[in-house]
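Student: I should like to discuss a structure with attention to its strands and its charged side chains. Please display it before we begin.

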Amino acid sequence: MKITHLAPSRLLPAAYNPRQIGKKAYSDLKADIAQHGILQPIVVNMYPSREYTVISGHQRRQVAIDLGIKQVPCYFVKFTEQQEKEVNIKQNKLGGKWDMDKLANWYEAEDLQEWGFSQVQLGFNIDKLPLTCECCGQTKK
């Protein structure tokens with residue numbers, strides 16, 4: 001797999017991309033990229049008439065622009081528009097499940113919370129927790 005670096009402003013967001021990100025998740029992603037850089041290449045279509053269309057990595061592209069990052073890692077593919085749409089959905093839909101035993105045995109709960117897990121996701125008793133809005137981070141009792 002060959003990775004090429006391009007200016008994020010050169011990449012075109014796909015108009016059909018159905019993924020959204022809340023303010024808090026965006027802020028978390030921005031902080032992570034500011035600290036560690038972009039670790040996962042943006043998948044970019046180079047099929048004729050689809051050149052530079054982002055298939056996967058829309059949020060990373062926007063964060064890079066917001067942070068003033070000059071070059072982002074890109075992986076080029078050549079897909080028809082139909083293939084492009086399929087891969088866009090699959091890249092966003094395909095995911096795994098967390099192995100809660102490994103999380104519990106290999107990580108500290110405080111670290112996991114700092115890295116974005118909620119107490120509910122970690123299995124703490126919801127009746128004894130303040131509720132925190134995922135989009136804005138406000139806590140309600």
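Student: Which strand does β2 pair with in the antiparallel sense, and over how many bridges?
Tutor: The model is predicted, so local features need pLDDT of at least 70 and side-chain atom pairs count only at pLDDT 80 or more, while totals for chains, interfaces and linings use all residues. Residues are numbered from 1 along each chain as its sequence is written, and side-chain values use heavy atoms, with hydrogens and water left out. Helices (H or I, at least four residues) and strands (E, at least two) are DSSP runs numbered from the N terminus, and two strands pair if DSSP finds at least two bridges between them. On that basis, the antiparallel partner of β2 is β3 (residues 53-56), over three bridges.

Student: Which residue of β4 is the bridge partner of Val43?
Tutor: Strand β4 (residues 72-77) runs parallel to β2, and four bridges join the two. Val43 stands opposite Ser56 in β3. In β4, the bridge partner of Val43 is Tyr75.

Student: Are the residues on the two faces of β2 buried or exposed?
Tutor: Buried means under 20% relative accessible area, exposed over 50%, and partly exposed in between (1.4 Å probe, protein chains only). Strand β2 (residues 42-45) has Ile42 and Val44 on one side, and Val43 and Asn45 on the other. Both faces are covered, and these four residues are all buried.

Student: How far is Arg61 from the nearest side chain of opposite charge?
Tutor: Arg61 lies in helix α2 (residues 58-67). Lys and Arg count as positive and Asp and Glu as negative, whereas His and the chain ends are not counted. A salt bridge requires a side-chain nitrogen of Lys or Arg within 4 Å of a carboxyl oxygen of Asp or Glu. Arg61 is buried yet has no salt bridge, and the nearest side chain of opposite charge, Asp66, is at 8.1 Å.

Student: Which residues does Arg61 touch, not counting those up to four places away in sequence?
Tutor: Contact means heavy atoms within 4.5 Å. With residues up to four places away in sequence left out, one of the residues touched lies in β2, namely Ile42. The full set for Arg61 is Pro8, Leu11, Pro13, Ile42 and Val54.

Student: With which residue does Arg50 form a salt bridge?
Tutor: A search of the whole structure finds four salt bridges. In the one formed by Arg50, the closest N and O atoms are 2.6 Å apart, and the partner is Glu84. The pair links distant parts of the chain, 34 residues apart: Arg50 in the loop between β2 and β3, and Glu84 in helix α3 (residues 81-93). Arg50 is buried because its relative accessible area is 16%, and its partner is likewise buried, at 0%: Glu84.

Student: What is the C-alpha to C-alpha distance between Tyr47 and Glu84?
Tutor: Tyr47 is placed in the loop between β2 and β3, and counts as partly exposed because its relative accessibility is 33%. Not counting residues up to four places away in sequence, Tyr47 touches Val77, Lys78, Phe79 and Thr80. Tyr47 and Glu84 are 37 residues apart in sequence, and their C-alpha to C-alpha distance is 9.5 Å.

Student: What is the N to O distance in the salt bridge of Asp28 and Lys24?
Tutor: Asp28 and Lys24 both lie in helix α1 (residues 23-36), four residues apart, about one turn of the helix. Asp28 counts as partly exposed because its relative accessibility is 38%. Their side chains meet at an N to O distance of 3.1 Å.
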